[in-house]
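Trainee: Could we go through the empty spaces in this protein together, and then look at how its helices pack?
Mentor: Certainly; let us begin with the model itself.

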Amino acid sequence: MKIAALLSLIGSAAAFVPVSQTKTASALAGWKDETVVGITAPMGYFDPLGLSNGKSDDTMALYREAELKHGRVAMAACLGWYVTAAGVHPAFNSALSSDPLEAAKQLQPVGWLQFVLGCGAIEWLAQQISKRPGYVPGDLLGASYWVDDSDEGWVDYQNKEINNGRLAMVAFMGIFVQDLYFGNYGDQIFRQ
């Protein structure tokens, strides 16, 4: 009994022994390099909340992939919002409301099921593609096998995609809030 108590004391005391801090060489400085895709004028490396401080390259690659994915979804959402606001509902014979928030409420459960299953299938496919060797975050079609970041045109294209995605994320939030709070869901620029 005394031996068990002694062993438990030794085991619990080990919890207070400082763990050896091994510095892992992170190339975060490489992510802040001006030549990295996504670091563009006028902001440069933009991380006001410090979310990248102390993060590994794997985590930064995950962040980049999430940024690309959210940007692509936001670009599609902006387009879809204005198509719906124009009264076009190809799958529903234009029977739903032109207000996208109302149309979402009017959508039948089977429509939501199709939406969730479709998104899930795309996400599953993206996860399978990301397991291939040499995968570059966000490159679902494999363009990095044919061209690398030494091609100035390719880097310019990637910067445009990231910047348009960032703009679309902010724009969609504005569009959504405009409809939610003010009931204005269409193009407000040309309205009197």
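Trainee: What classes of residue line the largest cavity?
Mentor: This is a predicted model. The lining of the largest cavity has 3 nonpolar, 2 polar and 4 charged residues.

Trainee: Which residues are they?
Mentor: The lining consists of E67, L68, G71, R72, E161, I162, G165, R166 and M169. Helix 3 and helix 6 are the elements that give two or more residues to this lining. The largest share, 5 residues, comes from helix 6.

Trainee: What is the volume of that cavity?
Mentor: The largest cavity has a volume of about 40 Å³. The count of cavities of 30 Å³ or more comes to 1.

Trainee: How does one find such spaces in general?
Mentor: A probe the size of a water molecule is rolled over the atoms, and this shows where empty space is left.

Trainee: Let us turn to the pockets. What is the volume of the largest pocket?
Mentor: Its volume is about 1100 Å³. The largest pocket is lined by 34 residues, of which A76, A77, G80, F115 and C119 are the closest to its centre.

Trainee: Which helices supply at least two residues of that lining?
Mentor: Helix 3 (57-85), helix 4 (100-106), helix 5 (109-129) and helix 6 (152-182) each do so. Helix 3 provides the largest share, with 11 residues.

Trainee: How many residues of each class are in the lining of the largest pocket?
Mentor: There are 24 nonpolar, 6 polar and 4 charged residues in the lining of the largest pocket.

Trainee: And what is the volume of the second largest pocket?
Mentor: The second largest pocket holds about 690 Å³ of space. Of the 23 residues that line this pocket, F46, D47, P48, E67 and R166 are the closest to its centre. Helix 3 and helix 6 are the elements that give two or more residues to its lining. Helix 3 gives the most, with 4 residues.

Trainee: What about the classes in the lining of the second largest pocket?
Mentor: By class, that lining has 14 nonpolar, 5 polar and 4 charged residues.

Trainee: Helix 3 and helix 6 keep coming up. At what angle do their axes cross?
Mentor: The axes of helix 3 and helix 6 cross at roughly 50° and come within 7 Å. Helix 3 and helix 6 are therefore oblique to each other.

Trainee: Is the crossing left-handed or right-handed?
Mentor: Helix 3 passes helix 6 in a left-handed crossing.

Trainee: Which residues meet there?
Mentor: From helix 3, the residues in contact include R64, E67, H70, R72 and W81. From helix 6, they include E161, N164, R166, F172 and D179. By class, the residues of this contact divide into 14 nonpolar, 4 polar and 6 charged.

Methods. Residues numbered from 1 in each chain as written. Predicted model: local features only at pLDDT ≥ 70, side-chain atom pairs only at ≥ 80, totals over all residues. Heavy atoms only, no water. 1 Å grid on protein atoms, 1.4 Å probe; cavity = no way out; pocket = protein on both sides within 12 Å on 5 of 7 lines; lining within 4 Å. Points joined across faces, edges and corners; volume = space filled by probe spheres on them. Nonpolar A, V, L, I, M, F, W, Y, C, P; charged D, E, K, R; others polar. Axes fitted to C-alpha atoms, helices over the stretch in contact; angles between N-to-C directions. Parallel < 35°, antiparallel > 145°, perpendicular 65-115°, else oblique. Left-handed = near helix turned anticlockwise from the far one by under 90°. Contact = heavy atoms within 4.5 Å.
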